[in-house]
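Student: I should like a close examination of one part of this structure rather than a tour of the whole. Please treat the end of the chain, and explain each term as you use it.

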Amino acid sequence: HAFICNLAYQLAARNGNYRSALLWKIDDLNTRKPLHDWTPNDLFSQLICEAGAGAIDGGQINDRMLVVIDALDEAPEIAALLARRFSTLEGQLPPWMCIVATSRPEQQIPESLSTFSSQFPIQESDQNNQADLAAYVETWSAALTTPLPKQLKTALIKRSEGSIYYLVLAREGSLTKKIDLSNPNDLPEGL
């Protein structure tokens with residue numbers, strides 16, 4: 001329930017027409033039974049799909065809202081909910097909204113989302129991914145008064161395991177002195 005309510009809140013904070021439709025929908029649902037008594041599947045249908053469809057798009061169909069749900073592998077219960085909902089979402093999401101979900105290739109995630117034809121796997125070793133990681137490290141290094149040594153750049157990319165988020169956290173950690181970059185062998189493993 002928390003995920004769906006948070007998603008609805010985030011959408012409402014960015015789209016006034018959806019916010020109005022959502023408030024009306026919440027009042028309607030609460031007259032039947034409290035929100036916490038609705039199943040996650042029904043709550044998603046009501047708060048996201050139906051309230052979104054009831055919102056006047058205000059020209060937003062030409063400037064769609066992209067909802068990014070990152071790291072599904074870290075929340076298998078949400079992945080299962082989304083897998084159930086996504087398999088029946090064809091034509092149900094409001095035309096001004098689209099959803100992108102990301103996950104590492106954990107076993108339960110691909111199985112639960114295997115019904116989707118729109119899958120774009122990004123492999124750690126993919127040349128484009130490696131180029132993006134290297135470009136990020138180069139930009140980070142160029143912004144420093146003393147550029148990062150080549151050995152450290154290589155170690156950062158290797159330890160990132162293909163995740164740019166690791167590099168973002170490493171950069172932030174180095175600025176706040178939570179991560180010591182003086183020894184590439186001592187870089188933290190994983191996020």
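**The C-terminal part of the chain**

Tutor: E189 is exposed, its relative accessible area being 63%; the term means over 50%, while buried means under 20% and partly exposed lies in between, computed with a 1.4 Å probe and the protein chains only. The model is a predicted one, in which local features need pLDDT of at least 70, side-chain atom pairs count only at pLDDT 80 or more, and totals for chains, interfaces and linings use all residues. Residues are numbered from 1 along each chain as its sequence is written, and side-chain values use heavy atoms, with hydrogens and water left out.

The exposed residue E189 has a partner. Its salt bridge is formed with R159, and the closest N and O atoms are 3.9 Å apart; a salt bridge requires a side-chain nitrogen of Lys or Arg within 4 Å of a carboxyl oxygen of Asp or Glu. Because E189 belongs to the segment after α8 and R159 to helix α7, this pair ties together parts that are 30 residues apart in sequence.

Some context for these element names is useful. Eight helices and two strands make up the elements of the protein chain, and their order from the N terminus is α-α-α-β-α-β-α-α-α-α. Both kinds are DSSP runs numbered from the N terminus: helices are H or I with at least four residues, and strands are E with at least two. The protein chain has 191 residues, of which 37% count as buried.

How are the helices in this part set against one another? Two packed helices are described by the angle between their axes and by the distance between the axes. Here an axis is a line fitted to C-alpha atoms, for helices over the stretch in contact, and angles between N-to-C directions run from 0 to 180 degrees. Helix α6, residues 127–142, crosses helix α8, residues 164–175, at roughly 15°, and their axes come within 10 Å. That angle makes α6 roughly parallel to α8, since roughly parallel covers angles under 35 degrees, roughly antiparallel those over 145, roughly perpendicular 65 to 115, and oblique the rest. Helix α7, residues 150–160, packs with α8 at about 130°, the two axes being 8 Å apart. Helices α7 and α8 are therefore oblique to each other.

Helix α7 is also joined to α6 through side chains. K153 and E138 form a salt bridge in which the closest N and O atoms are 3.1 Å apart. K153 lies in helix α7 and E138 in helix α6, 15 residues apart, and the pair thus links distant parts of the chain. What is the burial state of each partner? K153 is buried, with a relative accessible area of 16%, whereas E138 is partly exposed at 42%. Helix α7 accordingly contributes K153 to a bridge with α6 and R159 to a bridge with the segment after α8.

The loop between α7 and α8 contains E161. The phi angle of E161 is near 55°, a positive value in a residue other than glycine. E161 counts as partly exposed, at 36% relative accessibility.

Beyond α8, the segment that holds E189 also includes K177 and I179. K177 likewise has a positive phi, near 65°, although K177 is not a glycine. At 73% relative accessibility, K177 counts as exposed. I179, by contrast, counts as buried, with a relative accessibility of 18%. The C-alpha atom of I179 is separated by 9.2 Å from that of L169, a residue ten positions away along the chain. The segment after α8 therefore includes the exposed K177 as well as the buried I179.

For comparison, the salt bridges total four by the rule stated above, and one of them lies in another part of the chain. The side chains of D28 and R32 meet in a salt bridge with an N to O distance of 2.8 Å. D28 and R32 are four residues apart in helix α2, residues 16–32, so about one helical turn separates them. D28 counts as partly exposed at 24% relative accessibility, and R32 is partly exposed with a relative accessible area of 48%. The bridge of D28 and R32 thus lies within one helix, α2, whereas that of K153 and E138 spans helices α7 and α6.
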